[in-house]
Amino acid sequence: MIEKFARESYTEMNELVLPNDTNTFGNLMGGRLLYWMDICSAIAAQKHCSNVVVTVSVDNVSFKRSIKLGEVVTIQAQVTRAFNSSLEVRMEIFASNLPEGTRVKTNEAYYTFVAVDSDNNPKAVPLLIPETDSERKAYEDALQRRELRLILAGKLKPENAKKLQALVSLFSQKN
């Protein structure tokens, strides 16, 4: 099976927030940001598997700070783990006010994609090799996030979620 390094999927996308992207308060519309995030994360997923992918799930996206008209949005995406035919992509989103020289993290999220063939059937993806400590942590933690997604989708029973059970046990011991 082919293997690829996590860094090979790194993708960065920049967008200038224009009037058509904003709501009546002059803030970037959440749907527009989600659209940009989907594009950026899909590019990262396609870089990893050299194949067309489809979006399967979007994890919780929290809006920590509004993004204003005229700011530059930077989306950084990288594959954190590859499973059989699916991939998890982590994103960090920043807003920059270029005249003021400021840059603030506004969002982070995980998207899941599945590689598909020409008939839209799932297709195997290359294994992912994490290299840095942060990549290894994201790689290991991806199993818990995957189990949670599968439980929420009704594809896994909670009692079969071994990684989540271990996390709950660890948390219970600390409290």
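Trainee: Starting with Glu108, what does it count as at 24% relative accessibility?
Mentor: Glu108 counts as partly exposed, because 24% falls between the 20% limit for buried and the 50% limit for exposed. Keep in mind that this is a predicted model.

Trainee: Which side chain meets Glu108 in a salt bridge at 3.7 Å, N to O?
Mentor: That is Lys64. Lys64 sits in the loop between β3 and β4 while Glu108 is in strand β6, so the salt bridge ties together parts 44 residues apart in sequence.

Trainee: And what does Arg90 do with Glu108?
Mentor: Arg90 forms a salt bridge with Glu108, with 3.6 Å between the closest N and O atoms. Arg90 belongs to strand β5 and Glu108 to strand β6, so this pair links parts 18 residues apart in sequence. Arg90 is partly exposed, with a relative accessible area of 24%.

Trainee: Which residues end up in one network through shared partners?
Mentor: Lys64, Arg90, Glu92, Lys105 and Glu108 are joined by salt bridges that share partners.

Trainee: How many salt bridges does the structure hold?
Mentor: There are 13. One of them pairs Arg65 with Glu71, where the closest N and O atoms are 2.8 Å apart.

Trainee: For that pair, is Glu71 buried or exposed?
Mentor: Glu71 is buried, at 5% relative accessibility. Arg65 is partly exposed, and its relative accessible area is 28%.

Trainee: Changing topic to the sheet. What is the strand order?
Mentor: The open sheet has five strands in the order β2-β4-β5-β6-β3, with antiparallel pairing. β2 (11-16) and β3 (53-58) are the edge strands, and each pairs on one side only. From one strand to the next the twist averages 30°.

Trainee: How many bridges join β5 to β6?
Mentor: Twelve bridges join β5 (residues 86-97) to β6 (residues 102-115), and the two run antiparallel. Within that pairing, Glu88 has Thr112 as its bridge partner in β6, and Ala95 stands opposite Val104.

Trainee: What is in the turn there?
Mentor: β5 and β6 form a hairpin with four residues between them, and Gly101 in the turn has a positive phi of about 75°.

Trainee: On the other side, how many bridges do β4 and β5 pair over?
Mentor: Ten, in the antiparallel sense. β4 and β5 also form a hairpin, with three residues between them. Gln76 has Glu92 as its bridge partner in β5.

Trainee: Is β5 mostly covered or mostly open?
Mentor: β5 is mostly covered, with ten of its twelve residues buried.

Trainee: What does helix α1 lie across?
Mentor: Helix α1 (residues 30-49) lies across β2, β3, β4 (72-82), β5 and β6, at about 40° to β4. Helix α2 (residues 133-152) also packs on the sheet, where it touches β3, β4, β5 and β6, and its direction makes about 80° with that of β4.

Trainee: His48 is in α1. Is His48 buried or exposed?
Mentor: His48 is buried, with a relative accessible area of 1%. Leaving out residues up to four places away in sequence, its contacts are Lys4, Ser9, Val79, Ala82, Leu87, Pro126, Leu127 and Leu128.

Trainee: Leu127 again, on the surface this time. Which residues share a nonpolar patch with Leu127?
Mentor: Met1 and Ile2, and the three together have about 330 Å² of accessible area. Met1 is in the segment before β1 (3-5) and counts as exposed at 66% relative accessibility.

Trainee: Where is Lys123?
Mentor: Lys123 is in the loop between β6 and β7 (127-129), and counts as partly exposed at 37% relative accessibility. Beyond neighbours within four places in sequence, Lys123 is in contact with Asn51, Asn84, Ser85, Ala115, Val116 and Asp117.

Trainee: Last one, the whole chain. How many helices and strands are there?
Mentor: Three helices and seven strands, following the pattern β-β-α-β-β-β-β-β-α-α along the sequence. Of the 175 residues, 42% count as buried. The chain exposes about 9,900 Å², of which carbon and sulfur atoms supply 55%. Among contacts between residues at least 6 apart in sequence, 67% join residues at least 24 apart.

Definitions and conventions:
Residues are numbered from 1 along each chain as its sequence is written. This is a predicted model: local features need pLDDT of at least 70, side-chain atom pairs count only at pLDDT 80 or more; totals for chains, interfaces and linings use all residues. Side-chain values use heavy atoms; hydrogens and water are left out. Two strands pair if DSSP finds at least two bridges between them. Axes are lines fitted to C-alpha atoms, for helices over the stretch in contact, and angles run from 0 to 180 degrees between N-to-C directions. Contact means heavy atoms within 4.5 Å. Buried means under 20% relative accessible area, exposed over 50%, partly exposed in between (1.4 Å probe, protein chains only). Patches are made of residues with over 30% relative accessible area and no salt bridge: like charges are joined within 9 Å, nonpolar side chains (Val, Leu, Ile, Met, Phe, Trp, Tyr) within 5 Å. Accessible areas come from the Shrake-Rupley method with a 1.4 Å probe; for residues, only the protein chains shown count as cover. A salt bridge is a side-chain nitrogen of Lys or Arg within 4 Å of a carboxyl oxygen of Asp or Glu.
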